[in-house]
Amino acid sequence: MEIFIIKLLQFILSISLLVLLHEGGHALASKIFGVRVEKFFVFFDVTVGKWSGKLFKFKPKGSETEYGLGWLPLGGYCKISGMIDESMDTEQMKRDPQPWEFRTKPAWQRLIIMVAGVVVNFILALFIYSMIMFHWGESYIAMKDMTMGMKFNTEAKKLGFQDHDILLGTDRGTFRDFNVDVYRDLSEAQYADVIRGGKKVRVALPGHVNLLDMLKSDPKFVAPFIPAVIDSVPLRMAVAEGSKDSIVSPASQIGLQKGDKILSFNDKAIDSYNEFTTELGRIEDELSAVKTHADSLKLRTITITVAKAGTSKIDTLKTTLTENVKLGVRTASFMALYQDKTTHINYGFLQSFPAGIKYGWSVLAGYVSDMKYVFTADGAKSLGGFGSIGNLFPSTWDWYMFWKMTAFLSIILAFMNILPIPALDGGHVLFLIYEMVTRRKPSENFMIRAEYVGITILILLMVVANLNDILRWIGVMQ
């Protein structure tokens, strides 16, 4: 429960900040051009019975704008006079146009008002990334320094990769460090260069490997090779995920210690921690189908062979995994394995801006590139709602990760809002560009119908995304 609350608070704080500044961009541009902003709300003030849905509201003396906080934390809005938006205030549109209304302003001013929120989100993301560079700098392990190389799955090996290959790059560019861009490049590359046995080898690639398959496969298409050497064994651990009840860890019960190396799992040879976690994953998948506690216990009872640290002794041990399929061992983290080869870059205040902008642009380019997968069956299944977004935040309050996630969400919010879908900023922009090119303004009836269509599309997308979250939570979908 504590983890859920921490993630929820981070999510709400992040979304509140992004919505406040996004809608603030619209409001500021409106006021600059003399357009009246009637309401400015963080979160939606959906009416419940006789209650207005407003947790908090105030109207400064002499101001035309009511500011407030709604109860439904799914976004926010600013209501601009004389504009057809999600408020669907059609009564206002029936009255004679007024000079302070959005609809009476020149098209170029209305265009600036509509793109202001998106521009603020883009600038905010780049600013946050820049400040991250300034405050924390940048740390990474160069691909060429990852001397243990990579662990590849069966599909990758069919293409010619081998375990322990050190990835250098593709025809699309040289790899700097291991991140999602490695998958993107490999999915579209014609070849990849690797170091194998001390020699440079070129692996031919088809140029059209499905990125979603690469990311969703278990084991992954490629991942850093992690040796199956135990780094630590906690004495006690939670009975199940999120539980406050603890037990003596299975690993501790059978005497596993730091430095022990896992050689086999249920008589299957294990060459890495990657393979060990894959075997645990298989048991977890099979557990979803068992119907009795006896079947569960039988499935969770495992045999492992280990080479004891500092000796030539090999032990075969039997134990029962916890209900959430954990043995209770930890290996060295990826960064810890290569801590002596970590590259760290510190940025001065002025240096941080080009570094942050470059990083932010890379994130945006990757996100836009991946959008083509949304229109596939697997892509639709990969959509996530508020639960998926909230889970992206860490389980402990970490300001570095909070700001990094906030910047990422700011980019997503900006990009999604500029899509040419009615009811989104991009839909209004599309109609304004049409008006500026043809010098013909779409009728108000057309705009109202378009708004209804856009709202319907957005509701359907929200339902699908959040339904996916529910199906993953109950185990129907991965």
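**View 1. Helix α15 gives the most to the lining of the largest cavity, with four residues.** In this predicted model, α15 spans residues 425–438, and α16, covering residues 444–473, likewise supplies at least two residues of the lining of the largest cavity.

**View 2. The centre of the largest cavity, which has a volume of about 220 Å³.** Of the 16 residues that line this cavity, those closest to its centre are Ile84, Phe102, Arg110, Lys441 and Met447. Sorted by class, the lining of the largest cavity comprises eight nonpolar residues, three polar residues and five charged residues.

**View 3. The second largest cavity, holding about 30 Å³ of space.** The lining of the second largest cavity is made up of Pro422, Ala423, Gly427, His428, Phe431, Met447, Ala450 and Glu451, and the elements that give two or more residues to this lining are α15 and α16. By class, the residues of the lining of the second largest cavity divide into five nonpolar, two polar and one charged.

**View 4. Met447 and the two cavities found in a search of the whole structure at 30 Å³ or more.** Met447 is among the residues closest to the centre of the largest cavity, and Met447 also appears in the lining of the second largest cavity. Helices α15 and α16 each supply at least two residues of the lining of the largest cavity, and both α15 and α16 give two or more residues to the lining of the second largest cavity.

Note on methods: Residues are numbered from 1 along each chain as its sequence is written. This is a predicted model: local features need pLDDT of at least 70, side-chain atom pairs count only at pLDDT 80 or more; totals for chains, interfaces and linings use all residues. Side-chain values use heavy atoms; hydrogens and water are left out. On a 1 Å grid over the protein atoms alone, a cavity is a set of points where a 1.4 Å probe fits but cannot get out, and a pocket is an open set with protein on both sides within 12 Å along at least five of seven lines; lining residues have an atom within 4 Å of a point. Grid points are joined across faces, edges and corners, and a volume is the space filled by probe spheres set on the points. Ala, Val, Leu, Ile, Met, Phe, Trp, Tyr, Cys and Pro count as nonpolar, Asp, Glu, Lys and Arg as charged, and the others, Gly among them, as polar.
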